[in-house]
Amino acid sequence: MSGMLVSVPRRQRETAPPVPDSAAMLSALPVPVVLLDAANRFRHVNHAAEQFLGISAASLAQLQLEDLVPPDNPLFLLMDQVRQTEATIADHELTLESPRLHKPGIAVQCAPVPEEPGSVLLAFQDASTARALDRQLAFRSGARSVTGMAAILAHEVKNPLSGIRGAAQLLEASADPADRELCVLIREEADRIRDLVDRMEAFGDKPITRGAVNIHRVLEHVRKLAQSGFGAGVKFQEVYDPSLPPVWGNRDQLVQVALNLVKNAAEAVAAVANPEVVLATGFRHGMRIAVPGSATRVDLPLYVAVRDNGPGIPDDIRPHLFEPFVTSKASGTGLGLALVAKIVGDHGGLMEVDSRPGRTEFRLHLPVLSEREMEA
Ligand SMILES: Nc1ncnc2c1ncn2[C@@H]1O[C@H](COP(=O)(O)OP(=O)(O)OP(=O)(O)O)[C@@H](O)[C@H]1O
Ligand SMILES: [Mg+2]
C-alpha cells in the first residue's frame with residue numbers, strides 16, 4: 001500500500017465495510033481520553049485513562065472532575081475556554097495535583113463535542129517519560145565528552161600522582177611532627193584525586209561483558225553495603241517481585257548503578273526525621289524504547305525503583321540531573337548519576353525520575369534475557 005490519500009467517490013464509500021464500534025476503538029487507543037458532560041461528570045473514560053488516573057471506569061462514573069482535581073487548577077479555565085469558543089485548545093505544562101493524583105508535566109488537549117452541548121473531550125499525555133528520554137539522550141552526548149577526558153586523565157594524571165604520593169610518604173617517615181602533618185595532607189589529597197580519576201575511568205568506552213544477572217542479588221548486596229556504611233541510620237525496605245527473570249548485563253556495572261542511586265537516596269534522607277529508602281522491583285509491559293536508526297522497539301518490562309523520603313531534587317539541578325559534574329553537595333563530584341545514565345544506556349535501558357518533597361523515585365527500566373540469549 002502506498003501512503004497516498006485518494007478521494008473515494010461517494011457511492012463506493014457507502015458500500016465499504018462498516019467502521020468498527022467507536023467505543024472499541026477508543027478503548028484500544030493507547031492515549032488517555034476522557035469525556036466530561038456539562039457538569040464535569042465522567043461520561044466516558046477509555047482504558048488508558050483508567051490507568052492514567054489510577055481509578056476504574058465504574059468508580060469514575062460516580063465522580064466529577066472536581067473530585068480529582070482542585071477547582072483552582074488551570075485545567076478548569078482551559079475547559080471553560082473550550083466551551084465558550086467551541087475550539088480545541090491544548091496546554092503543555094499542567095500539574096494534576098490532589099490527594100488522589102500526582103501528575104506533573106502533563107500535556108492535555110481539550111476539544112468540544114458539537115453533538116453533546118457542554119461536553120468536552122480531554123486527551124492527556126504524560127510528558128515525564130518523554131522528558132526522561134530526552135534527558136537520557138542529552139546525557140549520552142555529555143558522557144561522550146567525558147569518555148575522552150577520562151582516558152587523558154588516566155594517563156596523564158595517575159602516573160605523576162602516584163609519584164607525588166610516594167614521595168610524600170617517604171618524607172612523612174623522616175619529617176618532624178609539624179611537617180609530617182603536611183605530608184599526610186599531600187598523601188590524602190593525592191588519594192582523593194586518584195579516586196576521582198578512578199571514577200572517571202569508568203566512563204571509558206570499553207566493551208562490556210554480559211551475562212545473566214539476578215538483579216535481586218545486586219540490590220541485596222548494595223543494601224548490605226549501605227547498611228554497614230553510608231546508610232547506617234536509614235531504614236531500608238525491600239519490595240521485590242520474586243518471579244523476575246534475569247537481566248542481560250554486567251553485574252559489576254549494575255552494582256555501581258544501584259550503589260550510586262542508593263547512596264544518593266541515603267544522602268537525601270540524612271536530615272529527615274524517619275529516614276527511609278525503598279528498593280523495589282517489578283515486571284510491567286508497556287515501557288518501550290525506540291532503537292535509533294530502525295523501526296524496532298525494545299520492550300523494557302523489568303524495573304528497579306529506588307525511592308526515598310528526602311526533600312526532593314533541587315529545582316536548579318533538575319534540568320541537568322544526569323550531566324557530569326552537576327552537584328548540590330559540598331563534597332560531591334556530580335559523577336554518580338552521569339555514570340548511572342551511561343551504564344543504563346549501555347545496557348539498552350531507560351531512566352525515569354519522579355521527585356517532590358518527601359518522595360523521590362529513580363526508576364530504571366531494563367530489557368530482560370530473551371530465550372535465544374539464554375540458550376546462547
Ligand atoms: N535521591 C535524591 N534526592 C534529592 N536530590 C538528589 C537525589 N539524587 C540526586 N540528587 C541531586 O542530583 C545531584 C547529582 O547527583 P550525583 O549522584 O550525580 O552527584 P552527587 O551525589 O552530588 O556526587 P557524587 O555522586 O559524585 O558523590 C545531587 O547533588 C543532588 O542534588
Ligand atoms: Mg551521588
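Begin by selecting helix H7, residues 158–174, in which Glu172 is found. The coordinates belong to a predicted model. Display the side chain of Glu172 together with that of Arg187: the two make a polar contact at 3.0 Å. Is Glu172 buried or exposed? Its relative accessibility is 17%, and because the limit for a buried residue is under 20%, Glu172 counts as buried.

Next, select ligand 1, which sits in the second largest pocket. Expand the selection to the residues around ligand 1, and 24 of them appear; the closest are Asn264, Thr327, Ser328, Lys329 and Thr333.

Three side chains in this group merit individual display.

- Thr333: one of its polar side-chain atoms is 2.3 Å from an oxygen atom of ligand 1.
- Lys329: the distance from a polar side-chain atom to an oxygen atom of ligand 1 is 2.6 Å.
- Asn264: an N or O atom of the side chain lies 2.8 Å from an oxygen atom of ligand 1.

With these contacts shown, turn on the protein surface: of the 600 Å² of accessible area that ligand 1 has on its own, the protein covers 96%.

Now colour the shell by secondary structure. Which elements each supply at least two residues of the shell around ligand 1? They are helix H10 (251–268), helix H11 (336–346) and strand S14 (359–366). Select H10 in particular, as five residues of the shell, the largest share, come from this helix.

Finally, recolour the shell around ligand 1 by residue class: 10 residues are nonpolar, nine are polar and five are charged.

How values were computed
Residues are numbered from 1 along each chain as its sequence is written. Chains are lettered from A and ligands numbered from 1 in the order in which they are written. This is a predicted model: local features need pLDDT of at least 70, side-chain atom pairs count only at pLDDT 80 or more; totals for chains, interfaces and linings use all residues. Side-chain values use heavy atoms; hydrogens and water are left out. A residue is near a molecule or strand if one of its heavy atoms lies within 4 Å of it. A polar contact is a pair of N or O atoms within 3.5 Å; within protein, one must be able to donate a hydrogen and the other to accept it, and residues adjacent in sequence count only if both atoms are side-chain atoms. Accessible areas come from the Shrake-Rupley method with a 1.4 Å probe; for residues, only the protein chains shown count as cover. On a 1 Å grid over the protein atoms alone, a cavity is a set of points where a 1.4 Å probe fits but cannot get out, and a pocket is an open set with protein on both sides within 12 Å along at least five of seven lines; lining residues have an atom within 4 Å of a point. A molecule sits in a cavity or pocket if more than half of its atoms lie within 2 Å of its grid points. Helices (H or I, at least four residues) and strands (E, at least two) are DSSP runs, numbered from the N terminus. Ala, Val, Leu, Ile, Met, Phe, Trp, Tyr, Cys and Pro count as nonpolar, Asp, Glu, Lys and Arg as charged, and the others, Gly among them, as polar. Buried means under 20% relative accessible area, exposed over 50%, partly exposed in between (1.4 Å probe, protein chains only).
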